[in-house]
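Me: I have a model open and want to test the labels put on it. Take me through them one by one, please.

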Amino acid sequence: MKVMFFVRVRDFTGCEQAEIELKRPVAADGLWELLEAKFPGIAKFRSSTRLARNFAYARDDQSFSNEDEVALLSPVSGG
């Protein structure tokens with residue numbers, strides 16, 4: 001699975017994207033656990049970060065697989 005990072009999460013990880021190999025589809029909780037294992041401390045962004053799956057915001061009940069492209073999106077404000 002391709003995982004893309006933006007803004008604060010990108011600064012934290014030091015990279016724009018990462019590849020994560022899944023043994024089976026996972027829910028959002030499982031994805032965050034895998035990200036925490038690869039990037040210790042990334043969980044601190046969870047409450048302020050939305051997951052997008054294949055160019056659409058992911059629902060809490062969706063699962064993620066190796067074929068997906070996932071983005072971790074920080075809140076956006078504008079004016």
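Reply: Start with a pair of residues: lysine 2 stands opposite glutamate 19 in strand 2. Lysine 2 also stands opposite glutamate 69 in strand 7. Keep in mind that this is a predicted model.

Me: How do you know that strand 1 and strand 2 pair?

Reply: Pairing takes at least two bridges. Strand 1 and strand 2 have 3 bridges, in the antiparallel sense. The cut-off is met, so they pair.

Me: What makes strand 1 and strand 7 a pair, and in which sense?

Reply: They share 4 bridges, and the sense is parallel. At least two are needed, so the label holds.

Me: How many bridges join strand 4 to strand 7?

Reply: 4 bridges, and these two strands run antiparallel. Leucine 51 has leucine 72 of strand 7 as its bridge partner.

Me: Why is the pairing of the sheet called mixed?

Reply: The open sheet has 5 strands in the order 2-1-7-4-5. Strand 1 and strand 7 are parallel, while strand 4 and strand 7 are antiparallel. Both senses occur, hence mixed pairing.

Me: What makes strand 2 and strand 5 edge strands?

Reply: Strand 2 (17-19) and strand 5 (56-57) each pair on one side only.

Me: Why is aspartate 68 called buried?

Reply: Its relative accessible area is 6%. Buried means under 20%, so aspartate 68 qualifies. Aspartate 68 sits in the loop between strand 6 and strand 7.

Me: What makes the approach of aspartate 68 to arginine 53 a polar contact?

Reply: The two side chains make the contact at 3.1 Å. The limit for the N or O pair is within 3.5 Å, so the distance passes. Beyond its neighbours within four places in sequence, aspartate 68 is in contact with Met1, Lys2, Arg53, Asn54 and Ser63.

Me: How do you know that alanine 71 is buried?

Reply: Alanine 71 has a relative accessible area of 9%. That is under 20%, so the label fits. Alanine 71 belongs to strand 7. Leaving aside neighbours within four places in sequence, alanine 71 touches Met4, Phe6, Arg50, Leu51 and Ala52.

Me: How far apart are alanine 71 and arginine 53 in sequence and in space?

Reply: They are 18 residues apart in sequence and 6.7 Å apart in space, C-alpha to C-alpha.

Me: Which residues of helix 2 are buried, and how do you know that they share a side?

Reply: In helix 2 (residues 28-38), they are Ala28, Leu31, Trp32 and Leu35. They cover an arc of only 100° around the axis, so they lie on the same side of helix 2. An α-helix has 3.6 residues a turn, so residues three or four places apart point the same way. Glu33 and Ala37 are exposed, on the face turned away from the buried side.

Me: What covers those buried residues of helix 2?

Reply: The cover includes strand 1 (2-5), strand 3 (26-27), strand 4 (50-53), strand 6 (63-64) and strand 7 (69-73).

Me: Which residues have the most contacts inside the largest nonpolar core?

Reply: Phe5, Leu35, Ile42, Leu51, Phe64 and Leu72, in a core of 20 residues. Strand 1, helix 2 and strand 7 give two or more residues each. Helix 2 gives the most, with 4 residues.

Me: What does isoleucine 42 touch?

Reply: Not counting residues up to four places away in sequence, isoleucine 42 touches Phe5, Val9, Phe12, Thr13, Trp32, Leu35, Glu36 and Leu72.

Definitions and conventions: Residues are numbered from 1 along each chain as its sequence is written. This is a predicted model: local features need pLDDT of at least 70, side-chain atom pairs count only at pLDDT 80 or more; totals for chains, interfaces and linings use all residues. Side-chain values use heavy atoms; hydrogens and water are left out. Buried means under 20% relative accessible area, exposed over 50%, partly exposed in between (1.4 Å probe, protein chains only). The arc is that of the directions from the helix axis to the C-beta atoms. Contact means heavy atoms within 4.5 Å. A polar contact is a pair of N or O atoms within 3.5 Å; within protein, one must be able to donate a hydrogen and the other to accept it, and residues adjacent in sequence count only if both atoms are side-chain atoms. A nonpolar core is a set of buried Ala, Val, Leu, Ile, Met, Phe, Trp, Tyr and Cys residues joined through side-chain atoms within 4.5 Å.
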